[in-house]
Structure formats: C-alpha cells, structure tokens
Amino acid sequence: MIKDIFMDKDRMKFTFKFSFIITFIVHLYFIVNSIKNTDSMWGAYYSNFDSSTVGRFTLAYLSGISSYFDLQYLNGLLSVLYISLTLVLLIELFDVKNKKLIVIFILLYSAFPSVSGTLTYSFLADAYFLSTLLIVLSVYLIKTFNGWLAIIIASLLIYVSLGTYQSNLAYVITLLVVLFIRDSLLVYKSIKLYIRGLLATIFGLILYVFHFKIFERTNNLTTYQGVNEAGNINLSTIIVAFKKAIETFVHYFFSLFEFVNLFEKLNFLFVFIIIIGLILILFKKNGGIFDYLKVIASLVIIPFSIFLIYFISPNVWYHNLMIHQMVFIYILGVIISDILLVKYEGRVYKIYNGFNFIVLCLIGFNLIVITNIYYDKLDTVNNQTYSLMTQVAYDIRNDDAYREDTPILLVGFPSRSLPPSNIYDEKTPPMSPGTNVDIVDQTTKFVNYINRFIGMKNPLAINETDLLDYYANEINNMAEWPNKDSIKIKEDVIIIKFPQ
C-alpha cells in the first residue's frame with residue numbers, strides 16, 4: 001500500500017527539497033524579522049482561541065499543533081513544511097516530468113501573493129497551509145485509490161479543511177477543473193476521478209454544513225465576511241455572484257486593463273501564450289469538437305470556481321488569503337509546456353516552450369519582487385507605528401495626572417497620523433497583504449500594543465460608548481494628536497484623540 005501511495009519517490013524527493021529551499025528563501029525576510037499585522041495586536045497569546053463564530057470550527061485544533069502564540073519563526077517554518085508537502089502532492093497529481101518546469105511550478109506557487117498574505121497572520125498561518133495540504137491530499141488519495149474508503153477519508157479531510165478556512169472549497173474545485181483540463185489535453189480518460197472528487201467534496205461540504213447549522217442554532221454567527229448570511233441563495237444573488245466573480249477576477253489579474261504595473265502586463269502576455277499553447281496541442285491532437293468544447297468550457301469555469309464563495313455567501317468580500325487557487329492559472333502554463341516537451345517534437349514546439357519558459361520565469365521573479373514589496377511595506381508600517389506609539393506613550397506618562405491603573409479611551413485612528421505610503425500600492429496587485437496601515441485601529445489593539453511593546457500597564461476602558469457620550473463635549477474641543485491638547489487625563493479615563 002505504501003508503495004502505491006509513493007509512486008515516484010525520486011521526483012517526490014526532488015520536489016520536496018526544492019520546494020522547501022525556494023519557499024524558505026522567498027519568504028525569508030518575513031520569517032526572520034519580527035513583523036506584525038493588525039491581528040497580531042489582539043494579544044501575544046490566544047489562550048481561548050476559537051473561531052467557531054466565523055464558521056471555522058477546526059481552526060483552533062490545527063493552530064494548536066504549534067501553539068496559539070504569534071510565533072513568526074516557528075509557524076513560518078511549519079508553513080514552509082506544509083507548502084512543500086502540498087507541492088509534492090500537486091506535482092504528482094499533475095504528473096509534471098520536466099525538472100525545470102517542476103522548479104518553475106514551485107516558484108509560481110510559493111511566491112503567489114496569497115502565500116505572503118497568509119504568512120503575515122503568523123498565529124494562524126501554519127493552520128491555513130495545513131488545511132490546504134489536507135485538501136490536496138484528499139484529491140491525491142482519490143486519484144491513487146479506488147473504492148468508497150478513499151472517498152470517505154477524503155470527505156473527512158475536506159470537512160476539516162473547510163472547517164479551518166471555508167475558501168478551501170474554491171481551491172479544491174479549481175484544482176479539479178485544472179486537472180480535468182490537463183487530462184483533456186492528453187488523451188481521453190475516465191471521468192471517474194472527477195466523479196469521486198465531486199462526491200468527496202459534496203460529502204465533506206455536507207458534513208461542514210451540518211456542523212454549521214447545529215452551531216447556528218445555539219450561537220450567534222459573526223457578520224464578518226458575510227458568514228451569517230451564508231446559504232441565503234436565490235436567483236438574484238446568483239446573478240450578482242456571476243458579476244462579482246468576473247469583476248474581481250479582471251480587477252485582480254488585469255487591473256481593469258489599465259496595466260498600471262508589470263504584474264498586469266505579464267498576465268496579459270501570459271494569457272496570450274496560453275491560448276497559443278492550447279491551440280498547438282489541440283491542433284496536433286486532432287481531437288473532435290467535443291475535445292475543444294471540454295477545454296473551452298473548463299477555462300470559462302475557472303474564474304467562477306476561483307470566486308466560488310460569492311455564490312455561497314452573497315455579501316462576502318474577498319481577502320487576499322482567499323485567492324490562492326488563482327495560482328492554478330499559471331500552472332496551466334507549466335502543464336502545457338510539459339505536455340509539449342513529452343508528447344511532441346518539432347521546431348515550433350521548441351520555440352514556443354522556450355518563450356513560455358522565459359515568460360513563466362519573469363512572472364515567478366516578479367512575484368518574488370511583489371512578495372518582498374509586501375513585506376517591506378509591512379515592515380515600514382511596523383516601524384512607523386512603533387515610533388508613533390512610543391511618542392504617544394511618552395506624552396501620556398509625562399502628564400502629571402498619569403497613573404498606571406487608569407484605563408485608556410481612544411478617539412479616532414492612530415494610523416491616520418502615519419505618513420502615506422501609496423507608492424507600494426502602485427507596484428502590487430489589489431487585495432495586497434500588509435498594505436494597510438491600520439495596525440492599531442481601535443482601542444483594544446492600541447492598549448495591547450502599548451502594554452506589549454512599550455511596557456505600559458494601563459487597562460482597556462470599559463463601557464467605551466458610555467464614556468464617549470459622557471465626555472462628548474470635551475472631546476469635541478480637544479485637538480488631534482500630536483497637538484499638546486490631544487490627551488486628557490480624567491479621574492476615570494485617559495482620553496487620546498487622533499484624526500477621525
């Protein structure tokens with residue numbers, strides 16, 4: 001049985017080795033530096049961590065493998081390990097034979113912006129990447145083994161994965177669609193794999209929905225990302241979902257055809273190359289009209305499978321972490337070149353493969369650049385925030401009425417006191433991780449920051465709304481920080497006013 005699972009040990013070893021090295025190097029800047037994002041401000045340790053209210057019932061268990069600490073280095077290494085194992089299985093699923101293309105596959109996957117976005121959520125990153133590994137493992141098991149036992153195990157893995165991050169549903173569907181395209185470009189194969197894959201996905205989804213409905217009966221779901229409206233589907237929401245999927249896809253991949261940076265320009269060139277490659281393969285294959293229709297229909301489905309969650313939760317907003325399945329568009333380029341290298345000979349194919357390889361390398365290198373731009377901006381925001389908060393803490397402590405036991409009340413947004421950094425956004429695609437400057441955008445995060453990083457001991461003000469109402473007139477007459485009169489210390493609260 002073990003021999004059946006590991007069919008090509010040499011390729012697996014090669015893939016794992018290069019996956020670990022490349023992924024680690026690409027994200028080295030973040031892994032070895034103490035860089036925090038806005039969610040890091042909730043606290044250093046999530047002792048009672050539970051995301052059930054957002055429908056992530058198994059997230060705490062996968063996160064608990066490491067700890068609930070915001071351990072950037074350890075969780076980063078675990079993430080690299082999970083990504084590497086995922087790539088091993090993906091290479092086997094797509095049966096990529098050329099070693100250069102395997103390396104390009106690894107580079108494109110590991111440097112895709114959603115990976116850096118996920119890593120910036122250090123305390124959850126390893127759990128998210130482990131959930132992706134479980135999704136890919138489920139498909140791999142279905143492809144490797146026949147029978148209901150494989151489908152049942154795969155369904156359980158999918159349930160755990162969806163219970164960690166719901167967008168993994170879009171990931172597994174997109175993976176199956178791209179696998180189907182690959183098989184359609186080769187020779188006619190049985191569709192049993194895809195039937196079993198869909199069955200496992202449906203069963204896993206049913207388990208998740210069952211859990212979701214039971215929890216919903218006795219608990220309040222959050223409005224975050226439209227979780228509380230999941231399942232409220234009708235014809236109107238489906239039409240809106242189709243529109244949103246197309247708009248978001250075009251906006252992310254092509255920037256509405258404004259071509260503001262190299263990312264969109266390379267994507268446009270890549271799509272042109274993909275079309276040529278598909279024509280070359282289908283022309284050489286001499287397939288019937290059904291072969292062409294299968295490929296075309298599958299390509300049309302991809303934007304909707306990527307943004308599948310729009311069809312499930314009408315008011316969902318797509319976060320960068322939710323679009324990693326978009327990387328399979330680039331993987332199509334790898335698949336096409338691998339098929340042409342293995343199946344066909346001729347000068348035209350060699351020229352095409354050479355040009356395609358160069359473009360894929362450029363895309364991969366540009367993704368590395370984008371990743372490090374993300375990290376550089378987040379690092380800059382961290383430094384600016386630390387400087388701002390240090391000065392605020394100094395101003396508070398130097399007030400004669402200051403006491404360590406006085407709670408803090410925040411008015412406005414400290415981040416708006418930071419210098420703008422729009423130059424980063426011009427070089428990166430939308431939904432960028434680390435591009436917002438709201439590390440401390442509310443009182444809770446503000447208090448956690450100054451206590452954790454500055455060394456103060458002031459508690460959070462309770463009954464914040466009541467205090468804001470009680471001191472409304474005085475707050476209206478206060479200047480905004482960094483002006484002298486932006487801080488007022490009363491008997492029961494420290495009021496700090498920032499731009500609103």
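Begin the tour at helix α11, which contributes five residues to a nonpolar patch, the largest share. The model on screen is predicted: local features require pLDDT of at least 70, side-chain atom pairs count only at pLDDT 80 or more, and totals for chains, interfaces and linings use all residues. Residues are numbered from 1 along each chain as its sequence is written, and side-chain values use heavy atoms, with hydrogens and water left out.

**The nonpolar patch**

Select W148, I152, L156, L198, I202, F203, I206 and L207; together these residues form the nonpolar patch on the surface, with about 760 Å² of accessible area. Two or more residues of the patch come from each of the elements α9 (148-164) and α11 (192-218). A patch of this kind is made of residues with over 30% relative accessible area and no salt bridge, with nonpolar side chains (Val, Leu, Ile, Met, Phe, Trp, Tyr) joined within 5 Å and like charges within 9 Å; a salt bridge is a side-chain nitrogen of Lys or Arg within 4 Å of a carboxyl oxygen of Asp or Glu. Accessible areas come from the Shrake-Rupley method with a 1.4 Å probe, and for residues only the protein chains shown count as cover. Helices (H or I, at least four residues) and strands (E, at least two) are DSSP runs, numbered from the N terminus.

Next, select W148 alone, in helix α9. W148 counts as exposed because its relative accessibility is 54% (exposed is over 50%, buried under 20%, partly exposed in between, with a 1.4 Å probe and protein chains only).

**Aromatic pairs**

The structure holds 24 aromatic pairs (rings of Phe, Tyr and Trp, the last by its six-membered ring, with centres within 6.5 Å; planes under 30 degrees apart are stacked, over 60 edge-to-face, the rest tilted). Select F180 and Y194: their ring centres lie 5.3 Å apart with the planes at 90°, so this pair is edge-to-face. F180 belongs to helix α10 (residues 168-185) and Y194 to helix α11, so the pair ties together parts 14 residues apart in sequence. F180 is partly exposed at 22% relative accessibility, whereas Y194 is buried at 10%.

Move on to F270 and Y330, an edge-to-face pair with 5.4 Å centre to centre and 65° between the planes. This pair links distant parts of the chain, with F270 in helix α13 (residues 262-285) and Y330 in helix α15 (residues 327-343), 60 residues apart. F270 is buried at 0% relative accessibility, and Y330 is buried at 0%. Extend the selection to F112, F249, Y252, F253 and F263, which form one aromatic cluster with F270 and Y330.

**The whole chain**

Finally, display the entire chain, with its 20 helices and three strands. Of its 500 residues, 55% count as buried.
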